[in-house]
Amino acid sequence: MSQLPPGIARTVDARAHAVIGALMLGLSVFGFAAHLSAETGSATEAMKGTIDQALKVLRDESLKAPERARERLDILEGIISKRFDYKEMGKRALGKHWRKLSEADRDEFVHLFQRFLSKTYAGNVDGYSGEQVEYLKERRKGDFAEVQTAVTSEKSTISIYYRMLKSSNAWKVYDVVLDGVSLVKNFRSQFGRIIEAESVEGLLEKLRTKTARTQS
């Protein structure tokens, strides 16, 4: 039987997982999600603002106590939820299969997809150990931009590119490319195989099972 993807984070150095985990936490279900105010700066400035907020939380010694672990994750999810467009990301991850879903199924898929990503990467947050983020270059075409960054630890440097779309006057992430591997493309391939072998409902059921297991 087809399996859900184990997580693209395996392709990069383990010490960088914490930063990737923090930056991949998305669409909060804990009440933190909010619309961004109108942005007039570049995509890089927008992404840097979000990353700086996340890193500030990761470096906050008062939030590192075991009893505050859930609170720490909630705060991070709230920060990142404002920058990631999980509906656009989910739509691209499903590709042609998106059209097969009803509006209700689309809404459920986006919610489950977010929960799956959040739980997949959340476990890496506590491993953060001072990695540095360098902003390399921004490529832009119309309302699309790619913010190219590098995350450096004592042992390695990995590239993280954020693909962004300007929506409602705010820059939102719709794909993340880790060392040349697109998160959306990775999931599109694996989700597509599950759908072809079973069905769209089969994929939704796997996501329901996976997210229920991680929540428990």
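**View 1. A five-stranded open sheet, seen in a predicted model.** The strands line up in the order 1-2-3-4-5, and their pairing is antiparallel. Strand 1 (132-141) and strand 5 (181-182) sit at the edges. Each of these two has a single partner strand, so one side of each goes without a neighbour in the sheet. As a reminder, strands of a sheet pair through backbone hydrogen bonds, either parallel or antiparallel.

**View 2. Zooming in on strands 2 and 3.** How many bridges join strand 2 (residues 144-152) to strand 3 (residues 157-167)? Count nine, with the two strands running antiparallel. To get your bearings, pick out Glu146 and look for Arg163, its bridge partner in strand 3.

**View 3. Helix 2 lying across the sheet.** Here you can follow helix 2 (residues 43-59) as it lies across strand 1, strand 2, strand 3 and strand 4 (170-178). Its direction makes an angle of about 155° with strand 1.

**View 4. Helix 4, from one end to the other.** At the start of helix 4, Asp85 points a side-chain oxygen at the backbone nitrogen of Lys87, reaching to within 3.3 Å. Which residues of helix 4 (residues 86-94) are buried? They are Tyr86, Glu88, Met89, Gly90, Ala93 and Leu94. When you look at how such positions are spaced, keep in mind that an α-helix has 3.6 residues a turn, so residues three or four places apart point the same way. After the helix comes Gly95, which has a positive phi, near 60°.

**View 5. Where helix 4 meets helix 6.** The axes of helix 4 and helix 6 (residues 183-197) are 7 Å apart, and the two pack at an angle of about 55°. That makes helix 4 and helix 6 oblique to each other. On the helix 4 side, the residues to look for are Met89, Arg92, Ala93 and Leu94. They meet Leu183, Val184, Phe187, Arg188, Phe191 and Ile195 of helix 6. Met89, Ala93 and Leu94 also turn up among the buried residues of helix 4.

**View 6. Stepping back to the whole chain.** The protein has seven helices and five strands, which follow the pattern α-α-α-α-α-β-β-β-β-β-α-α along the sequence. Of its 216 residues, 49% count as buried. The accessible surface comes to about 10500 Å², and carbon and sulfur atoms account for 48% of that. If you look at contacts between residues at least 6 apart in sequence, 65% join residues at least 24 apart.

Methods: Residues numbered from 1 in each chain as written. Predicted model: local features only at pLDDT ≥ 70, side-chain atom pairs only at ≥ 80, totals over all residues. Heavy atoms only, no water. Helix = DSSP H or I, 4+ residues; strand = E, 2+ residues; numbered from the N terminus. Buried < 20%, exposed > 50% of the residue type's maximum accessible area, 1.4 Å probe, protein only. Contact = heavy atoms within 4.5 Å. Areas by Shrake-Rupley, 256 points an atom, 1.4 Å probe, with all protein chains shown as cover. Pairing = 2+ DSSP bridges. Axes fitted to C-alpha atoms, helices over the stretch in contact; angles between N-to-C directions. Polar contact = N/O pair within 3.5 Å; in protein donor to acceptor, adjacent residues only side chain to side chain. Parallel < 35°, antiparallel > 145°, perpendicular 65-115°, else oblique.
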